Amino acid sequence: MDLLVSRRSCRSFTDKEVSKEVLDKILYAGICAPSAKNRQNTKLLVFQDKEVIQQLSKLNARVMNSDGDPFYGAPIVVVVFYPNDAATGIQDASLVMGNLMNEAYAQGVGSCWINRAKEMFEFDEGKEILKKYGLEQYIGVGCCILGDPTGEPREKTVDTSRIIYE
Ligand SMILES: Cc1cc2nc3c(=O)[nH]c(=O)nc-3n(C[C@H](O)[C@H](O)[C@H](O)COP(=O)(O)O)c2cc1C
């Protein structure tokens with residue numbers, strides 16, 4: 001409970017490496033998310049190469065006509081995809097994203113959901129990447145950036161009036 005209510009998005013990272021052991025735990029938590037009919041048909045593309053991440057960042061920025069870095073210099077980017085014929089693809093993939101971010105926080109790793117994962121892979125360069133991994137029939141839901149966080153997470157304020165009892 002403490003972890004779930006205190007997790008915050010992280011948008012600034014140190015140079016310290018996230019170990020493979022910790023990354024694997026985060027990824028495993030991601031694929032343990034529930035899926036409709038237990039189909040488990042989401043895919044996670046894990047990027048750690050600096051140049052490839054820069055290329056992805058540019059694709060993401062292009063969607064917004066921006067020249068900034070939407071990945072905030074994160075050293076790891078996990079893109080979560082679902083098959084384009086999956087009726088509950090967005091729901092399934094979003095739960096994977098949630099698990100990734102929560103387990104990242106539990107492991108002391110900073111994370112943030114970065115949007116535009118669908119549009120990035122609609123550019124020719126994005127399609128090439130999908131082809132490389134045989135994911136031409138998949139749609140991106142979110143990019144989960146990961147890295148060693150700078151500073152402490154900010155305090156969270158939550159609007160509890162959103163819970164409406166009958
Ligand atoms: C669907 C979704 C898309 C998001 N897209 C972005 C994004 O593109 N860039 C970004 O910096 N944060 C993005 N976020 C992070 C939200 O801004 C963040 O979760 C929200 O402000 C609440 O803050 P917290 O995560 O620290 O509790 C996204 C979050 C969600 C759930």
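**Strand β2 and the ligand site**

Strand β1 (residues 43-47) and β2 are joined by 5 bridges and run antiparallel. The model described here is a predicted one. Within this pairing, Val46 of β1 sits opposite Val78 of β2. A further neighbour of β2 is strand β4 (residues 138-147), which pairs with it in the antiparallel sense over 8 bridges. Here Tyr82 has Ile139 of β4 as its bridge partner.

With these partners in view, the cover over β2 can be considered. The strand spans residues 76-83, and 8 of its 8 residues are buried. In a regular strand, side chains alternate between the two faces of the sheet. In β2, both faces are covered: one side carries Ile76, Val78, Val80 and Tyr82, the other Val77, Val79, Phe81 and Pro83, and all of these are buried. Val78 and Tyr82, the residues met above as bridge partners of Val46 and Ile139, thus both belong to one side of the strand.

Attention now turns to the ligand. Its surroundings consist of Arg7, Arg8, Ser9, Arg11, Tyr72, Cys112, Trp113, Ile114, Asn115, Arg116, Arg154 and Lys156. Sorted by class, this shell holds 6 charged, 4 nonpolar and 2 polar residues. Ligand oxygen atoms make polar contacts with several members of the shell. One such distance, to an N or O atom in the side chain of Tyr72, is 2.6 Å. For the side chain of Arg7, the distance from a ligand oxygen to an N or O atom is 3.0 Å. Asn115 takes part through its backbone, with a polar atom 3.0 Å from an oxygen of the ligand. Taken alone, the ligand exposes 620 Å², of which the protein buries 62%.

Key: Residues are numbered from 1 along each chain as its sequence is written. This is a predicted model: local features need pLDDT of at least 70, side-chain atom pairs count only at pLDDT 80 or more; totals for chains, interfaces and linings use all residues. Side-chain values use heavy atoms; hydrogens and water are left out. A residue is near a molecule or strand if one of its heavy atoms lies within 4 Å of it. A polar contact is a pair of N or O atoms within 3.5 Å; within protein, one must be able to donate a hydrogen and the other to accept it, and residues adjacent in sequence count only if both atoms are side-chain atoms. Accessible areas come from the Shrake-Rupley method with a 1.4 Å probe; for residues, only the protein chains shown count as cover. Ala, Val, Leu, Ile, Met, Phe, Trp, Tyr, Cys and Pro count as nonpolar, Asp, Glu, Lys and Arg as charged, and the others, Gly among them, as polar. Buried means under 20% relative accessible area, exposed over 50%, partly exposed in between (1.4 Å probe, protein chains only). Helices (H or I, at least four residues) and strands (E, at least two) are DSSP runs, numbered from the N terminus. Two strands pair if DSSP finds at least two bridges between them.
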